[in-house]
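Biologist: I should like a close look at a single part of this model, the packing of one pair of helices. Please explain the terms for a first-year student, and then place that part in its wider setting.

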Amino acid sequence: MTTPLSRRVGAVWSWLDARLGLAEIGQLAVKKRVPIHRHTIWYYLGGMTLFLFMVQVGTGILLLFYYRPTAEEAYESVQFIMAEVQFGWLVRSIHAWSANLMIFTLFLHFLSVLLVKAYRAPREMTWVSGFALLAVALGFGFTGYLLPWNELSYFATRVGTQIVGVVPAVGEFMLRVLRGGEDVSGATLTRFYAIHVAVLPGVAFALLALHLFLVQRHGMSAPLGEDTGNPMQRSMPFFPNFFLRDLVGWLAALAVLASLAAFFPTELGLKADPFAPAPAGIKPEWYFMFMFQTLKYLPAHILFVEGEVAGILAFTLGGVLLLLVPFLDSKAARGESGKLFTWVGIGLVAYILILTYLGYTMSPTQ
Amino acid sequence: MVEGLTPPGQTRRRFVDWLLSRTLTTWLLSTGVGGLLLSVLYPAGRYLVPPAAAESATAAVTLAIKPEDVAPNSGQVFKFGNRPGIVLRTPSGDLRAFSATCTHLGCIVQYRPDLSHIWCACHNGHFDLNGLNVQGPPPKPLEEFAVNVREDQIVVSKGA
């Protein structure tokens, strides 16, 4: 039965389809199938991270309407958002909490891909683009942390940028470019602001487009044990079956986010004072905690190298190795299940958990 | 197969002409594009490097803190030009001053009366009353400043 209304909608659809190729896009979504097995649950973490990223874009744009990126006004403008602007506290809290949750789901997504070895051929570039997105997310976190210009963020940025300065030969120069001067100052703030609201979003959108395109092109990877190559393997259509389940995941993330933001609104702390001692109990964001705690344990000198140089070199090397996992894991590439990289993944999780735990429980003054 | 890649056999001269023009085009194209890129990227790169700030000419500062305000076994952070310094009085009554920038990763240090020495909160670094790095990750001692008391003013200067 065709009513005049549905006929009109149909006409609009065909008009748009002829110009935009809507049917082809629809085909792309319909064609994709998602394998069903006991690890299917991990497929939802990427979508959840994407949802939280969209929340970040939305709330970030809202914050831009009131935020002022100068050393004199940044703290006061955030105070203004929190105290005077209607729902300002909520928007800022959601932005801060969603950032944390996004890093959290991103870590889980990353680890699940590592442990089920979804990086094997032909998905190496999906892994590499995902790794780059992880780096971008950490960059977002690091630059965004400074923007409220409070005591904690000021010292975290002093330490975090100083780390660049220990790089041999070019460190001093890079440090100056990063800080916009010798010290962390208002010049650093405008730099971080530009990176946070313009440079990183641009890079993130490009990488995200590539990442999603590759996921769409290669389809979901099934874990080695489940990947029987059998075309009759249990699976569900991506659209609408998986997509609707994905939406449930997004709703769950939104519920957690809203509760955290409402019941534990983000604090602002004290305004940064470049001529006050670092307060006891200074700490970075939780996802940098394991590195921060490691730096505390390193002695002043390891062999002939200063302790922090050795530590930072080790972290850099670790990062490069992780990036190259798809190319190093020759067993998984041949479709055999090797235990080595599983243990590397488990060891990594254990190290991060233990050091993070110590970072939060050790007395900061001993 | 691209036509130009098989050397035309008719005359040697035509081949040389082809080679020259082709190389010339490639050369112009690559240097043109290279030049264009350079002319865009170089100014942008230079723009991102902050202009050098005038070297801090501060060689000595007179503190707003009076000598009697620095009690034995206490310390305060002050501005030495555009950098932080720390002035302290040892339990035995000596006034001393150091750079307050931790030699580890650049946090600002503080005086710990309970330990009677200098401490950095960021990575738990300890310095003794001579500014020597005695415990934790700092790799070098703190730079020491000369302290002079002139009447009721503290004057801190570089290079003892």
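Modeller: The answer below begins with the helix pair and then turns to the chains, their contact and the core. This is a predicted model, in which local features need pLDDT of at least 70 and side-chain atom pairs count only at pLDDT 80 or more, while totals for chains, interfaces and linings use all residues. Residues are numbered from 1 along each chain as its sequence is written, and chains are lettered from A and ligands numbered from 1 in the order in which they are written.

Two packed helices are described by the angle between their axes and the distance between the axes. In chain A, helix α3 (residues 44-64) packs against helix α10 (residues 238-263) at an angle of about 50 degrees, and their axes are 9 Å apart. Helices here are DSSP runs of H or I with at least four residues, strands are runs of E with at least two, and both are numbered from the N terminus. Axes are lines fitted to C-alpha atoms, for helices over the stretch in contact, and angles run from 0 to 180 degrees between N-to-C directions. The angle makes α3(A) oblique to α10(A); angles under 35 degrees count as roughly parallel, over 145 as roughly antiparallel, 65 to 115 as roughly perpendicular and the rest as oblique.

From α3(A), A:Tyr44, A:Gly47, A:Met48, A:Phe51, A:Leu52 and A:Val55 meet A:Asp246, A:Gly249, A:Trp250, A:Ala253 and A:Leu257 of α10(A). By class, this contact of α3(A) with α10(A) has eight nonpolar, two polar and one charged residues. Ala, Val, Leu, Ile, Met, Phe, Trp, Tyr, Cys and Pro count as nonpolar, Asp, Glu, Lys and Arg as charged, and the others, Gly among them, as polar. Two residues are in contact if their C-beta atoms, placed from the backbone, lie within 7 Å.

As for the wider setting, chain A has 15 helices and four strands, and its C-alpha trace spans about 75 × 55 × 40 Å along the principal axes. Chain B comes to one helix and ten strands, in the order α-β-β-β-β-β-β-β-β-β-β along the sequence. Where the chains touch, 23 residues come from chain B and 28 residues from chain A. The chain B side of that contact divides into 16 nonpolar, six polar and one charged.

Among contacts between residues at least 6 apart in sequence, 77% in chain A join residues at least 24 apart; for chain B the value is 35%.
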